[in-house]
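Reader: I am new to this structure. Could you show it to me and then let me ask why things are called what they are called?

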Amino acid sequence: MCQTIPGNFERPGMARQVTITGYNMNHVELLPRRTLRSQILNVMLFLMPGCVDERIEGPVPMIDTIQPATGIQSTVISIQGSGFSNNINDVGVYLKDAPADVILCDPHTILARIPPGATSGYVRVVIEDREATGPEFVYQESGAAADFAGTGFEGLEDKDTATSRFSFPWGAARDTQGNIYVADRGNHVIRKIDTEGNVSTVAGTGQPGYQDGPAVSARFNDPVDVAVDASGNVFVSDFFNTCIRKITPAGEVSTYAGLAGAIGNANGTLSTARFFGPAGLTFDSGGNLFVADYFNHRIRKITPAGMVSTLAGSTAGCVNGTGGSAQFNAPVGLATDAADNIYVADGFNHSIRKVTAAGVVTRVAGTCMAGFNDGPSLSASFDTPLGVEVDENGDIIVSDSNNNRIRKIYSELNLVVTMAGNGTAGSANGIGNDVMLSGPADLVRVGGNEFLILDINNHKLRRITID
C-alpha cells in the first residue's frame, strides 16, 4: 500500500518547501497547486515500492574463460560465461578502456575482435548497465602491411604510386617536407615520391655508369642508399662507383666524397678519402654523415667541414670494442637515435650493432650466426639483416632480409619479436604472419609507428604499421 504524502501546499506565488517521507525538495518555480500535487505524486509513485511494478533486472554476467589469452590486433577471442545477451547491441567488450568489436553473442558466448593499438589488461564485458571483469588478455604488437608504391613488376615508369615501376629499390630517406627519395638500384637512378603520391626520376638515365652534371644526364652504378640534409641536398651511396654523390635541389649532381672507381679506405679530405662499396647512410643531429663502408667493414664519418674519418671497424669479424679494435662483417643499413648513437645492420654477422659518438661498439641483438629465433636480444637470431630504423621509443625495427621478416628489438626489455612476415618469400599484405615479403632491405620511418620497407625482390615499397 502506498504511503500518505504529507505536505503543506502554500498558495501560488510563494516559494515552497515540501517534505515527502524523508525527501526534502526545494522548489522556487511558481506552479499551480494541482500541477504541483500531480508532480509530487508521480515522483512518489516512481520511488516507493508497491506503487508501480518493480524494474526487472537481467542476470549478472559472469566470465569463466577467455581463449586465446594472448594475441595481436584483429585476434578473435571467445569469452565463455553466463548472463550475456542475444542482442549484440546490448553487449560491450573492453580490453582495459579499448572497445573491441563484438561480432557474435548469446547468453553464454561472446566473440570479439581485438582492436589495433590495444594494451594488455583485464577483459570487461558490459551487458547494458551490468558488467563483469574476466582474465587478463596479453596484447602483442604486430605489423600490418599494405602496398605503398610500385606494381610488383620490374621497370622504370614514373606515374602515381599505384602504377609506377621500380627495379630492386634498396634504400630510401624522407625529407623535411615528407617527400620520399628512393635509391632505385636496378634502374641506377634516384626516384622521388612526393606527398601527393606522384613518382618521378630525380637523377640518372637508367643506364649504369659514372657522370656528374645535370641530373637528367648524370649516371650512377648501383646506388644503394640515400640521405637528405636540412637544406634538401640528397646524398647517394654509389656502390660500384665507390663514392658518395650529391644532388642539389637545383638538380646538379657532383661527386661529394671519394673518387669514382678508386678503391681504398684512406681518410682525409673529401677528395682524398677512399671507400669500397659504400652502402647505408645516415645523418646525426650535428650534420655529420655516416657511411656503412661495406667491403671495408667500417663505419665512416664525414663532417660538415668535409673531413672523412673511420668511426669504428677494421677487418672482418664480430668483435666489440672502440674504434679500430671493433670488427664488423659487411655492414649495410644505418640509423641514428635521439642521442646520436648509430645502429648498424651488420649483414654477414647477422646482428645489430650499436656505435656511440665516441666509437664504442656493442652488440645489441643477434648471435653473429645466421638463423631465426625470437626472444632475448643476445640469443635471438637473424639472417642477413639489411635495414634498421629507430622508433620514437628508442626501439629498433629491423629488416631481416633472408628471413623475409620485419623484427622489433624492444630496447628496455632486451627482447626481439617478429612484427610481420612468416619466413616465406612472397608478396602478401595482411597482419603479422599473414604478411609475405621478399628480401626486405632498407627501412624509413614516415611518422608515428609507420615505416616504409624497401621490398627489393618485389620491386615495390611496402607500408608497415606497427600496433
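Reader: What makes Phe235 count as buried?

Author: Its relative accessibility is 4%. Buried means under 20% relative accessible area, exposed means over 50%, and partly exposed lies in between (1.4 Å probe, protein chains only). The value of 4% is under 20%, so Phe235 is buried. Bear in mind that this is a predicted model: local features need pLDDT of at least 70, side-chain atom pairs count only at pLDDT 80 or more, and totals for chains, interfaces and linings use all residues. Residues are numbered from 1 along each chain as its sequence is written, and side-chain values use heavy atoms, with hydrogens and water left out.

Reader: How many aromatic pairs does the structure hold?

Author: It holds 8. One of them joins Phe235 and Phe283.

Reader: Why is the pair of Phe235 and Phe283 called edge-to-face?

Author: Rings of Phe, Tyr and Trp (its six-membered ring) pair if their centres lie within 6.5 Å; planes under 30 degrees apart count as stacked, over 60 as edge-to-face and the rest as tilted. Here the centres are 5.7 Å apart and the planes meet at 70°. The distance is within 6.5 Å and the angle is over 60, so both tests are passed.

Reader: What does this pair tie together?

Author: Phe235 lies in strand 19 (residues 234-238) and Phe283 in strand 23 (residues 278-283). Those parts are 48 residues apart in sequence. A strand is a DSSP run of E with at least two residues, numbered from the N terminus.

Reader: Is Phe283 buried, partly exposed or exposed?

Author: Partly exposed, at 21%. That is not under 20% and not over 50%, so Phe283 falls in between.

Reader: What makes Phe239 and Tyr294 an edge-to-face pair?

Author: Their ring centres are 5.7 Å apart and their planes stand at 65°, so they qualify. Phe239 is in the loop between strand 19 and strand 20, and Tyr294 in the loop between strand 24 and strand 25, 55 residues apart. Phe239 is buried at 6%, and Tyr294 is buried at 17%. Ring pairs link both into a cluster with Phe240, Phe276, Phe295 and Phe348.

Reader: How do you know that strand 34 is mostly covered?

Author: Of its 5 residues (396-400), 5 are buried. Ile396, Val398 and Asp400 are buried on one side, Ile397 and Ser399 on the other. In a regular strand the side chains alternate between the two faces of the sheet.

Reader: What makes strand 33 and strand 34 a pair?

Author: Two strands pair if DSSP finds at least two bridges between them. Strand 33 (residues 385-390) and strand 34 have 5, in the antiparallel sense. Glu389 stands opposite Ile397. Strand 34 also joins strand 35 (residues 405-410) by 5 bridges, again antiparallel. There, Asp400 has Arg405 as its bridge partner.

Reader: Why is the charged end of Arg407 said to sit over the ring of Phe382?

Author: The rule asks for NZ of Lys or CZ of Arg within 6 Å of the ring centre and within 35 degrees of the ring normal. Arg407 is 4.7 Å from the centre, so the distance test is met.

Reader: Why do Arg407 and Asp374 form a salt bridge?

Author: A salt bridge is a side-chain nitrogen of Lys or Arg within 4 Å of a carboxyl oxygen of Asp or Glu. Their closest N and O atoms are 2.9 Å apart, so the pair qualifies. Arg407 lies in strand 35 and Asp374 in the loop between strand 31 and strand 32, 33 residues apart. Arg407 is buried at 0%, whereas Asp374 is partly exposed at 29%.

Reader: How far apart are N and O in the salt bridge of Arg462 and Asp147?

Author: 3.2 Å. That is within 4 Å, so the pair counts. Arg462 is in strand 40 and Asp147 in strand 12, 315 residues apart. Both belong to a salt-bridge network with Asp455 and Lys460. The structure holds 21 salt bridges.

Reader: How do you know that Cys318 and Cys368 form a disulfide?

Author: The test is a pair of cysteine sulfur atoms within 2.5 Å. Theirs are 1.8 Å apart, so they pass. The pair ties together two loops, 50 residues apart in sequence. A search of the whole structure finds 1 disulfide.

Definitions and conventions:
Helices (H or I, at least four residues) and strands (E, at least two) are DSSP runs, numbered from the N terminus.
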